[in-house]
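Me: I'm new to reading protein structures, and I'd like a close look at a single part: the enclosed empty spaces inside this one. Could you walk me through what surrounds them?

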Amino acid sequence: MKKSLWRAFTKSSIFLMFGGCLIFPPLSSTSAATLSIKKEPNYYKVPFEDIIVKGQVTDGKGPIPGVSVKLKGGTATTVTDGAGKFSIKVPEDATLVFTYVGYIDQEVQVKNQTNINIRLVENNQNLSEVVVVGYGTQKKAVVSGAVAAVKGTELAKSSSVNLTNSLAGRLPGVTALQGSGEPGYDGSTIRIRGINSLGNNNALIVIDGIPNRAGGIERLNPNDIESVSVLKDASAAIYGSQAANGVILITTKLGKSGKPQFSYDFSYGLQQPTRIPKMANSTQYAEILNELNIFGSDLNPGEWGAAWNSFKTNGTYLSTGGKTINAAYTPGQIQKLSDGSDPLRYPNTDWFKTVFQTWSPQQRHNVQINGGSENVKYLVSLGYLDQDGYYKNSATGYQQYDMRFNLEAKLSKYITTTLGVTAREENRNFPTVGAGDIFRFLMRGRPTEIAIWPNGKPGRDIEYGYNPVVSTTDLTGYNKDIRDYFQTTGKVEIKIPGVEGLKVTGTAAIDKYSGRQKNWQLPWTLYDWDKKTFEADGVTPVLAGTVRSQYTDPRLRETAGGQLAINLTGMINYDKKFGDHNIGLMAGVTREKVANDGFTAFRRYFISTSVQELLAGDEREQSLGNNSGDPNNLFNRARLSYFGRAGYNYKEKYLAEFLWRVDGSYIFPTNRRFGFFPGVSVGWRLSEEDFFKNNVSFINNLKVRASYGQMGAEAYFGDALQEYQYLSLMNFGTYIFNDLVTKTLSEGKVPNFDFGWEVANNTNIGLDASFLNNKLSFEFDYFYNKRTNILISRGSSVPESSGITDRLPPVNLGKVNNKGFEFKLSYNDKVGDLNFGVSVNGGYAKNKIVFWDETPGAPEWQRSTGRVTNSWLVYDYDGVFKDQAEISANKLNYSALTNNLRPGDMKFKDINGDGKINADDKIRLDKNGTPTFTGGVNFNLQYKGFDLSVLIQGATGGMQIVGLTESGDIGNFLEWSYLNRWSIDNPSSVNPRLSNRGLPIIPIATMH
């Protein structure tokens, strides 16, 4: 009865039905005597009744469990059970949305139906997937550039706490080289398509549309990331002068409509070094030192055998010249080192084992809430990370607190706004001794000395007061490095009424960074034993403590800095479809300003160690100044850019895109301040042609594409940004005038008025294909990058006698070519409830120096031109002089290296054939420390609610120098060196003799 009356009366806007009564709406406020009939507001509308909708979801092979069934625009949601069935209560006019990973989303109108069965279609290739590109998104099907992407959900599966390490092996053409595992500094150096320049090779990092954000990519929370895209060819041209080394685009997650969803992620891991150098034990070390005593004497090599036999018998040798030579260790002492019968006097110390803990824990916690309506969506994320160092009683550790709040609001049919706020504190804690020195002295640690006494007190130092047992702890003080980031991004998108496809977007980002480093240094005490005196128990040695640090009083150095970065961007987009023709036009302007400042202060002579602040130190010997290193150095930077895109496709079959950017930078003189950087790409989807569809059924997608772009790189010389090189720059110094230290100014480099950008001309040809109903897919790219205008020094060709080599500015004359290929092969399928996938990717890149300044007259085999960048100049190893007979038969002159060839010395090839071995015989290798090939294999398994992912990644084609230890009486040797050496008992023609406090004659030599 109510329902009938409602529908009858609501045909007129005069009546309302409320609580079973008829109610007249109020009269119009324009006239009390005139009845005004208006369209009823929303709250007058008839509410539809809720109904229970049931059904089943299948894919043609069977039911699909775990499918999300959601009320569009509402909060009701459910998932299918093991039989693919669902039940949900929704209004009778509702629209249901069915989503499942690997399938195309479907929307179905209920229309008062109580039973709905759905068949989902697989979407293995995901050609409709949206890929993030520069200043926008594109369907994967119409992308004509070389763009690689990985989803944030894949990165979040990684146990690595540094995001750069999670990229390794996942993206073809992307190389991640991790140079350190120290917490807080364990990030990888990212290279896109290898090394392209003699200067800076870092990719541009863009986070939520904003480039060069402080803190970069390393410390982003992977749980907050929606996707990572890598632009490797002309697709990066839209970023102009900073895009020559490729661009990495990070997009963070936004909220999803629906009731609030709460998630908590926790991971706990244990880590240890992949490989620890295995050092010689005490017996081996003693044996080597005995050999060195013989080699270091003036004995004729003909007596070496007799001396060695005498050492093994009684520990001494009387030479034919009447000179007594003593062994470093007698036979009895070596026996005690070997049997461990007197560990205090004759220890066998493993310094790495003593200092390192077996496993170092790390943990990450993340809480995330997202939800909202169709008009307002939000995401809130809170994260905590803790990572311990490798050392026992470690003063090393890294803690991070991060927060992200992303809000998207649809204010009207035409206006959408988004707001992103992220805050992060990075807390790095270290001892006052750097990791480089710690590992250096761990390598040097003599196994014949005590590292830590039984009572827990540290043993004597290796040198300069350094004992890693103490150096790794807070007994030396502490070095705290705290960095705070607060970054905001606001965006407004306005669709222009009456012009379909026309949109104006304004973006503003304000980022603030502040950092403070506090290095509090304390003197420390080490303990030694005379190897005679014991406590009353007759067992405990009497130890004598001595301050062995290089300073005897506390001291404090503090560094502080801050940065304010502002980015303002405006864009206009026009996207329109005319029949089978699709066009997309975009133009924009962006303005960046970054101001960074910082200072450093030092004091000593503290009254008390209880007050660890500068105010408690004395003014004597204090120092104040500005920091010259990142991140707390001084600079002011500004850029102004204009950019755009014009894209076209016909039936998503023929594809074309033109990109451009005009960049202006403060770095260059006014007449060279702006540069134009264009890029063009084309594509052809042969699989959309009728002749192909009708004849090649097993290939579902086949696309060929090509691109060419001219991009820039800002002026780096080495790793330093060369700012204001068009000016005559001044250097600060000091000089004593009238017995006072006075600040001075002097001219540094002379100006370079032709100072400009590096220019990258990058060409790419690619192929995308999928087979077997899109289960099997393949991608391949070939690239050829030509880099010109690289900053180089002219110091090699200008003689030092000119007196101006250190005053000459770098010039834009360098040239480097780089070429290679990339591929990715993937297979994805489903068997019952089991989803599985495997993919293999790899990339090869090798560069060649075309021109840079080299020493005139250098022989061809020593020139780096025509070879890879950063290659090494070495002697070519040719074996070892096994005995005196081989030395006597030698015809080459080694006098430039040594005047006394002896058995065990290395042989080298006479490259120039002049009968002499000298610096002219060094050769230039065609390899460096960067691998030429990197790749990875990914396995994914999903079964109902369980997920398993396996990543195997690796690299080859590079070189690494190993074994350059400080060895001899100042430090230990590698066990490998002991096992692979020329010795008196085992003369070798392959392995050289060991030396004291150095290396065998030549530091680096190639071995074939």
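Reply: Here is a tour of the cavities, followed by a short look at the nonpolar cores.

Please keep in mind that this is a predicted model. As general background, rolling a probe the size of a water molecule over the atoms shows where empty space is left. When the whole structure is searched in this way, 7 cavities of 30 Å³ or more turn up.

Let's start with the largest cavity, which holds about 110 Å³ of space. Its lining is made of 14 residues, and the closest to the centre are Ala845, Lys846, Asn847, Asn928 and Thr932. You can find strand 44 at residues 834–851, and this strand gives the most to the lining, with 3 residues. What classes of residue make up the lining of the largest cavity? There are 7 polar, 4 nonpolar and 3 charged residues.

Now turn to the second largest cavity, with a volume of about 90 Å³. Here 13 residues form the lining, and those nearest the centre are Thr175, Gly194, Gly843, Ala845 and Thr932. You have already met Ala845 and Thr932, which are also among the residues closest to the centre of the largest cavity. Strand 44 is again the element that gives the most to the lining, contributing 3 residues to the second largest cavity. By class, this lining divides into 7 polar, 3 nonpolar and 3 charged residues.

After the empty spaces, it helps to look at some filled ones. In soluble globular proteins, nonpolar side chains tend to be buried together. In this model, the largest nonpolar core has 33 residues, and the ones that touch the most other members are Ile294, Phe295, Leu299, Trp304 and Ile984. Four elements each give two or more residues to this core: helix 4 (282–295), helix 5 (304–314), strand 45 (873–880) and strand 46 (906–908). Helix 4 supplies the largest share, 7 residues.

Phe295 is a good residue to click on. Leaving aside residues up to four places away in sequence, Phe295 touches Trp304, Arg902, Trp982, Ile984, Arg993 and Leu994. Two of these contacts, Trp304 and Ile984, are themselves among the core residues that touch the most other members. There is also a second, separate core of 21 residues, which includes Val174, Ala176, Ala203 and Ile250.

To retrace the tour on your screen, begin at strand 44, which gives 3 residues to the lining of the largest cavity and 3 to that of the second largest. Then move to helix 4, with its 7 residues in the largest nonpolar core.

Methods. Residues numbered from 1 in each chain as written. Predicted model: local features only at pLDDT ≥ 70, side-chain atom pairs only at ≥ 80, totals over all residues. Heavy atoms only, no water. 1 Å grid on protein atoms, 1.4 Å probe; cavity = no way out; pocket = protein on both sides within 12 Å on 5 of 7 lines; lining within 4 Å. Points joined across faces, edges and corners; volume = space filled by probe spheres on them. Nonpolar A, V, L, I, M, F, W, Y, C, P; charged D, E, K, R; others polar. Core = buried A, V, L, I, M, F, W, Y, C linked by side-chain atoms within 4.5 Å. Buried < 20%, exposed > 50% of the residue type's maximum accessible area, 1.4 Å probe, protein only. Contact = heavy atoms within 4.5 Å.
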